[in-house]
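Let's take a walk through this fold together, starting with a pair of strands and working outwards. Keep the viewer open as you read.

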Amino acid sequence: MKFPWAGPSGPCKTFAREGCGYWLVIIYLCSRFMKSGFVNIFGKPNAGKSTLLNALMGEKLAIVSHKVQTTRHRIRGILSGDGFQVIFSDTPGIIEPRYLLHEKMMDTVKHSVSDSDLALLMMDGRDDPGENDKLFSSLHLKSGALVLINKCDRIPAEEILARKIFFENKKYCIEAFGISALKNLQTDHLMERIIQLLPEGEPFFDGEEMTDRPVKFFAGELIREKIFSLYEDEIPYHSTVLVQEYKEKENLTRIQADIIVQRETQKGILLGEGGRMIKKLGTEARKDIEAFIGRKVFLELFVKVRPRWRDNEMHLREYGY
Ligand SMILES: Nc1nc2c(ncn2[C@@H]2O[C@H](COP(=O)(O)OP(=O)(O)OP(=O)(O)O)[C@@H](O)[C@H]2O)c(=O)[nH]1
Ligand SMILES: [Mg+2]
């Protein structure tokens, strides 16, 4: 085998002559045994995909809520360790699109299907396995998949076993098992299986990087998460957040964001009586952003009405969809 950098005419000629060529050979061979690849998480809304991404990363990258359709973007988490690099992707829950925003969310899922080295197909263990099987089959995965029966902290062991047997008979399934993303149950086994199943290859990202999204994106997402937790009914689904300004000052980070809604009545609900609700939203979101970036934050929020923004290509693009 010829190593271009260790040969007598290679760029490391002097280095090799001094005996360091052996080390380079070892580093080269080690890099050949590196495992790396894209592991994408799919499932119905509320299955626990974002909770799992956060659990595997040991860091909150994706927002979570007990309401459905929280995630709207693909969110990558890059986990680099001894001899491996896994690029996880959290994706929006799979639904039948009802407006353009939904279509864009489902395009994100399609793209993620096409570049996955391994898929994690996740279901809420209390949900109907037949329905989930239909959905998983409809993805027409080219990669193999691990089926994760999530929320096993809430399901009797016999039911998990029955679901495991059901899914292990399916063509797309390499292995099925119960996990709890929330309680970190079986996540170590999941990581072991992921690394075993990944292809050998070079890392795709610098080992220091944890995600490919800018901090500004996460600030917007943390504000959106508060909308999901503080408001009921249609408000979270008719809103989005656009971070207009993100400036690092000497002692704090200054963030100015617009909350976009579809109707004047929704603006009124978001503001609340005497601005009480928007104040609460601002305070809670600011605390979360401060915890995320580890700096003091000055957060300013404005509510704007953009009728039918969810069906408007230009607006959707402006808001990052
Ligand atoms: N009991 C229990 N609850 C869980 C578990 N995993 C997630 N949850 C809860 O399920 C709800 C939905 O979790 P998410 O992670 O937002 O679900 P998702 O699949 O990302 O949902 P979408 O983004 O809407 O597609 C949240 O209330 C979580 O706390 C689990 O293992 N056990
Ligand atoms: Mg999610």
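Start with S36, whose bridge partner in strand β3 is Q85. This is a predicted model, so take what follows as a reading of computed coordinates. The S36 pairing belongs to a set of seven bridges that join strand β1 (residues 35-43) to β3, with the two strands running parallel. On β3 you'll also find a link to strand β2 (residues 75-81), again through seven bridges, but here the strands run antiparallel. If you want a landmark for that second pairing, look for R76, which stands opposite S89 in β3. The β2–β3 hairpin has two residues between its strands, and G83 takes a positive phi near 80° there. With β1 and β2 both bridged to it, how covered is β3? Mostly: six of the seven residues in β3 (residues 84-90) are buried.

Now slide along β1 to G43, which has its place in that strand. Is G43 buried or exposed? G43 is buried, because 25 other C-beta atoms lie within 10 Å, and the cut-off for being buried is 20 or more. Leaving out residues up to four places away in sequence, G43 touches K49, G93, I94, L121, M122 and M123. For a sense of scale, try measuring from G43 to E318: they are 275 residues apart in sequence, and their C-alpha atoms are 27 Å apart in space.

One of those partners, M122, is worth a stop of its own. Setting aside neighbours within four places in sequence, M122 is in contact with I41, F42, G43, A47, G48, K49, L52, L148 and N150. M122 also shows up in the largest nonpolar core, which has 56 residues; L53, L120, L121, M122, V147 and L148 are the ones that touch the most other members. Strand β4 (residues 118-124) gives the most to this core, with six residues. The core isn't confined to one domain either, since it draws at least three residues from each of domain 2 (35-197) and domain 3 (215-318).

G48, which we just met as a contact of M122, leads us to the ligand. In total, 25 residues surround ligand 1, and the closest are G48, S50, T71, G93 and L182. G93 should look familiar too, as one of the residues G43 touches. Which helix gives the most to this shell? That would be α2 (residues 49-57), with three residues. As for chemistry, the shell divides into 13 polar, seven nonpolar and five charged residues.

Next, hop over to helix α7 (215-230), where E221 lies. E221 counts as buried because 24 other C-beta atoms sit within 10 Å of its own. From E221 you can look back to L182, one of the closest residues to ligand 1: the two are 39 residues apart along the chain, and their C-alpha atoms are separated by 20 Å. K226 is found in α7 as well, and K226 also counts as buried, because it has 23 C-beta neighbours inside 10 Å. Beyond residues up to four places away in sequence, K226 touches L281, E284 and A285. K226 and D288 are 62 residues apart in sequence, with 9.4 Å between their C-alpha atoms.

Two loop residues deserve a look for their backbone angles. Most residues other than glycine have a negative phi. N184, though not a glycine, has a positive phi of about 60°. N184 lies in the loop between β6 (173-178) and α6 (187-197), and counts as partly exposed because it has 15 C-beta neighbours inside 10 Å. D233 isn't a glycine either, and has a positive phi of about 50°. You'll find D233 in the loop between α7 and α8 (235-238), where it is exposed, because it has 9 other C-beta atoms within 10 Å.

Finally, zoom out to the whole chain. There are eleven helices and nine strands, and the C-alpha atoms fill a box of roughly 75 × 55 × 35 Å along the principal axes. Buried residues make up 32% of the 321 residues. Among contacts between residues at least 6 apart in sequence, 67% join residues at least 24 apart.

Methods:
Residues are numbered from 1 along each chain as its sequence is written. Chains are lettered from A and ligands numbered from 1 in the order in which they are written. This is a predicted model: local features need pLDDT of at least 70, side-chain atom pairs count only at pLDDT 80 or more; totals for chains, interfaces and linings use all residues. A residue is near a molecule or strand if its C-beta atom, placed from the backbone, lies within 6 Å of it. Helices (H or I, at least four residues) and strands (E, at least two) are DSSP runs, numbered from the N terminus. Ala, Val, Leu, Ile, Met, Phe, Trp, Tyr, Cys and Pro count as nonpolar, Asp, Glu, Lys and Arg as charged, and the others, Gly among them, as polar. A residue is buried if 20 or more other C-beta atoms lie within 10 Å of its own, exposed if 12 or fewer, and partly exposed in between; C-beta atoms are placed from the backbone. Two residues are in contact if their C-beta atoms, placed from the backbone, lie within 7 Å. A nonpolar core is a set of buried Ala, Val, Leu, Ile, Met, Phe, Trp, Tyr and Cys residues joined through C-beta atoms within 7 Å. Domain bounds come from an automatic or database domain assignment. Two strands pair if DSSP finds at least two bridges between them.
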